[in-house]
Every structure is written in structure tokens, then in C-alpha cells.
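Subject: Structure handover

Dear colleague,

Here is the structure I said I would pass on. My notes on it follow below.

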Amino acid sequence: DVSHGPILYLEDVTVSFDGFKALNKLTLSIDEGELRCIIGPNGAGKTTMMDVITGKTRCQTGKVFLGQTIDLRRMDEPSIARIGIGRKFQKPTVFASHPVWENLELAMKTDKGWWPSLRSRFTRPAQARVEEILSLLNLEQDAFRLAGDLSHGQKQRLEIGMLLMQQPRLLLLDEPAAGITDEETMELAALLNGLRGSCSMMVVEHDMDFVGALAGDTGKVTVMAEGSVLAEGTLDTVRANDTVIESYLGR
Ligand code: ADP
């Protein structure tokens with residue numbers, strides 16, 4: 001694999017809430033095109049880290065960079081979304097009363113901003129992009145169904161597709177496999193694995209089978225605990241790490 005340097009770089013990031021350090025000198029970097037799984041017990045700071053990257057929460061100290069030059073600490077939440085950091089929260093949010101294809105079209109990045117413009121017209125380039133994403137999502141057969149009628153797993157894929165319409169540089173996904181069937185979990189893993197290389201991804205996940213399907217034998221997994229990185233390596237390596245075992249069982 002050719003490395004293109006980090007797409008995301010955090011150094012010594014600290015976030016305190018009334019003296020309690022939700023992030024404590026967190027240092028982490030993700031390579032361009034990488035799919036990085038983040039695991040760790042509840043309260044480890046995973047959500048706070050994503051909040052800092054997306055500008056929702058300010059860190060008191062540390063560096064937060066997209067690529068080599070974009071200082072995310074200087075930017076607000078809408079600007080960070082606009083420069084290509086897409087975030088998916090746990091619960092899927094789709095336009096339930098609109099067909100699947102229209103959900104994708106509405107999510108297309110417009111000149112006016114990153115959020116779907118209800119006034120946008122269905123242009124030829126948009127149509128080509130919608131068809132491309134439908135095929136990627138394996139939702140071609142469902143293009144004309146209402147998004148609200150999809151299964152939970154299909155909604156999760158659709159929402160990822162909506163983010164992809166904006167051609168993000170980095171996707172942050174919070175437990176995308178929570179509450180979906182085993183079959184859909186593997187379909188989601190196949191989708192994300194297929195995006196590897198064209199889009200960098202950070203996936204926070206508890207489902208170890210899913211993490212295994214994403215990381216494979218060689219992918220890097222980051223274990224967070226108490227606001228910083230506890231261990232980093234292949235899934236097998238971190239799972240065999242005594243400190244990691246302790247941090248999971250010690251609670
Ligand atoms: P995770 O996502 O890994 O479960 P979080 O980032 O949600 O961890 O939380 C890390 C710690 O920070 C937790 O102990 C949580 O209670 C605390 N925390 C998170 N947000 C706030 C907040 N807005 N005010 C006070 N404490 C917070």
C-alpha cells in the first residue's frame with residue numbers, strides 16, 4: 001500500500017468538563033484512504049473525540065488537523081462539514097416519506113452549502129451520481145421505495161450513501177452496525193470495505209465480528225480508554241494485550 005500521509009491528525013488533545021478529562025492528551029493519526037476502527041469501553045471518550053473533529057466540542061489544548069494544513073480548531077461545525085468531513089450518528093436519519101433515490105439527490109452537495117437543498121433540481125450529473133451510489137449501496141432494486149419502508153440495515157446504508165453524495169474526504173461513523181441483523185452487518189462491512197482507498201473512514205464500533213470484518217488480519221485498530229489511546233495494532237494484537245483486557249473487564 002502507498003501511504004499518502006495522514007488525512008486526520010490529533011495531537012495531545014484535551015477536553016475537560018468541569019475538571020473531568022473526557023479526552024486526556026489524545027494523540028491519533030489516520031492515513032489517507034485508511035479505514036480505522038476505534039474500540040473502547042463506555043466513557044472512553046470516543047464520542048467526545050468525534051465531537052472535537054467535527055467542531056461540536058472545543059478542545060482546550062492540542063492539535064486537530066485535516067491533512068497537513070487544515071487546522072480544524074479554527075473552524076466552526078458547518079465549515080468543517082463543508083470541507084468534507086461527514087458524520088453519521090448511530091440512529092439513521094433519512095427522509096422517510098421520500099423515495100430512496102430522492103434521498104440521495106437531496107443530499108447532493110450544492111453551492112449553497114452542505115445540507116440537502118430541497119430546491120435543488122435533478123440534473124444529469126446528479127442522476128449519474130445517484131445511480132452510482134445506488135449500485136454501491138446495493139439498493140438499486142429499492143430505488144423507488146419510500147426510505148421509511150426500508151429495513152434498519154438498509155436505512156444505515158442509505159444514510160452512508162447520502163454522505164457519499166457530498167464526496168467526503170473523511171467519514172466518521174458511530175456504531176453503524178448497532179441493531180442490524182448479522183446478514184446486514186456483513187453487507188455493511190462489504191460496503192465500507194469497498195470504499196477503502198477512495199474515502200478515509202473512522203468507525204467507532206462495539207460489535208467485534210463487524211470490527212473483524214473491517215480490519216481483517218492487517219488493518220489497524222485503536223483502543224481508547226480514559227480519554228486517550230490505550231493500544232493500537234491489529235485486532236488480534238490488541239485483543240491479546242493485558243491492559244486492554246483489563247480496561248474492558250475492570251468495569
Ligand atoms: P464514549 O463515547 O467512549 O462512551 P464519551 O465521549 O461519550 O465516551 O464520554 C467520555 C466521558 O466524558 C464520559 O465519562 C462522559 O460522562 C463525559 N462527558 C461527555 N460529554 C460530557 C459533557 N457534555 N459534560 C460532562 N461530561 C461529559
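Asp182, Glu183 and Gly194 are exposed on one side of helix α6. Please keep in mind throughout that this is a predicted model.

The other side of α6 holds the buried residues Glu184, Thr185, Leu188, Ala189, Leu191, Leu192 and Leu195. Viewed down the helix axis, the buried residues lie within an arc of 160 degrees, so they line one face of α6. The length of the helix also agrees with expectation: α6 covers residues 182-195, and at 1.5 Å a residue its 14 residues should span 20 Å, which is the distance between its end C-alpha atoms.

Just after α6, Gly197 has a positive phi of about 100 degrees. Arg196 sits in the loop between α6 and β8. Is Arg196 buried, exposed or partly exposed? Its relative accessibility is 36%, so Arg196 counts as partly exposed. Leaving out residues up to four places away in sequence, Arg196 touches Gly33, Leu35, Met201 and Leu214. Ala177 is 19 residues from Arg196 along the chain, and their C-alpha atoms are 17 Å apart.

Now the sheets. One is an open sheet of six strands, ordered β6-β7-β8-β3-β9-β10, with mixed pairing. Its edge strands are β6 (85-88) and β10 (228-233), each of which pairs on one side only. On average, and ignoring direction, neighbouring strands in this sheet are turned by 20 degrees against each other.

At the β6 edge, the pairing with β7 (residues 170-174) is parallel and runs over four bridges. Ile85 is placed opposite Leu170 of β7. Within β6, Ile85 and Arg87 point one way while Gly86 and Lys88 point the other way, and all are buried. At the β10 edge, β9 (residues 221-225) and β10 pair in the antiparallel sense over five bridges. Met224 has Val229 in β10 as its bridge partner. Helix α7 (residues 208-215) lies across β3 (35-39), β8 (200-204) and β9, and runs at about 155 degrees to β3.

There is also an open sheet of four strands, in the order β2-β1-β4-β5 and with antiparallel pairing. Here the edge strands are β2 (20-31) and β5 (70-71), each pairing on one side only. Helix α1 (residues 46-53) packs on this sheet, where it touches β1 (6-17), β2 and β4. The direction of α1 makes about 115 degrees with that of β1. Two bridges join β4 (residues 61-66) to β5 in the antiparallel sense. Leu66 has its bridge partner in β5, namely Ile70.

Last, the nonpolar cores. Which residues have the most contacts inside the largest one? They are Leu104, Leu158, Ile160 and Leu192, in a core of 43 residues. Leu192 is also one of the buried residues of α6. Neighbours within four places in sequence aside, Leu104 is in contact with Val130, Ile133, Leu134, Leu137, Leu158, Gly161, Met162 and Met165. Another core, of 27 residues, lies apart from the largest one, and includes Ile7, Val15, Ile38 and Leu170. Leu170 is the β7 residue opposite Ile85.

Regards

Definitions and conventions. Residues are numbered from 1 along each chain as its sequence is written. This is a predicted model: local features need pLDDT of at least 70, side-chain atom pairs count only at pLDDT 80 or more; totals for chains, interfaces and linings use all residues. Side-chain values use heavy atoms; hydrogens and water are left out. The expected span of a helix is 1.5 Å times one less than its number of residues. Buried means under 20% relative accessible area, exposed over 50%, partly exposed in between (1.4 Å probe, protein chains only). The arc is that of the directions from the helix axis to the C-beta atoms. Two strands pair if DSSP finds at least two bridges between them. Contact means heavy atoms within 4.5 Å. Axes are lines fitted to C-alpha atoms, for helices over the stretch in contact, and angles run from 0 to 180 degrees between N-to-C directions. A nonpolar core is a set of buried Ala, Val, Leu, Ile, Met, Phe, Trp, Tyr and Cys residues joined through side-chain atoms within 4.5 Å.
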